[in-house]
Amino acid sequence: MTTTHKLDMNLFQYQVGQLWSVAEASKNETGGGEGIEVRVNEPFDENNYPPESPLLPLTPGGPPLTKGQYTHKVYHLASRVPAFIRLIAPKGSLEIHEKAWNAYPYCRTIVTVSLPFHLLSVSLCITFYL
């Protein structure tokens, strides 16, 4: 069963609300060097922070999306895990890097977790329509 709810706002209002809620959540989870560090939060286009591969077009056969909001966040998780894991985890392994290209209603997010000395790096690319 599918339900739909009409939102009484335009695209710009939705984008402002989405950016505000993400920034507010990041602020609430950050403190004392832990939590979420926003390294970059700027508009992207073909010249500034372009995605590694083109974003999908809004309509089949249409031009790919080339403008939107780029964010690079680092999630510092050391204070969120038990002490014995902090003792055995290599430095930097309790950080998750998230790079996102949000071209509403399309968003691509790449989440990367790496171990020091390039022993292991895991990347997950998530693509969705909002």
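Visitor: Is Tyr70 buried or exposed?
Guide: In this predicted model, local features need pLDDT of at least 70, side-chain atom pairs count only at pLDDT 80 or more, and totals for chains, interfaces and linings use all residues. Residues are numbered from 1 along each chain as its sequence is written, and side-chain values use heavy atoms, leaving out hydrogens and water. The relative accessible area of Tyr70 is 6%; with under 20% as buried, over 50% as exposed and partly exposed in between (1.4 Å probe, protein chains only), Tyr70 is buried.

Visitor: How is the ring pair of Tyr49 and Tyr70 classed?
Guide: Rings of Phe, Tyr and Trp (its six-membered ring) pair with centres within 6.5 Å, and planes under 30 degrees apart are stacked, over 60 edge-to-face, the rest tilted. The whole structure holds two aromatic pairs. For Tyr49 and Tyr70 the centres are 4.7 Å apart and the planes at 10°, so the pair is stacked.

Visitor: Where does Tyr49 lie, and what is its relative accessible area?
Guide: Tyr49 sits in the loop between β1 and β2, 21 residues from Tyr70 in strand β2 (strands are DSSP runs of E, at least two residues, numbered from the N terminus). Tyr49 is partly exposed, with a relative accessible area of 31%.

Visitor: Which residues do ring pairs link into a cluster?
Guide: The rings of Tyr70 and Trp101 have centres 5.3 Å apart and planes at 45°, so this pair is tilted. Trp101 lies in strand β3 and Tyr70 in strand β2, so the pair ties together parts 31 residues apart in sequence. Ring pairs thus give a cluster of Tyr49, Tyr70 and Trp101.

Definitions and conventions. Helix = DSSP H or I, 4+ residues; strand = E, 2+ residues; numbered from the N terminus.
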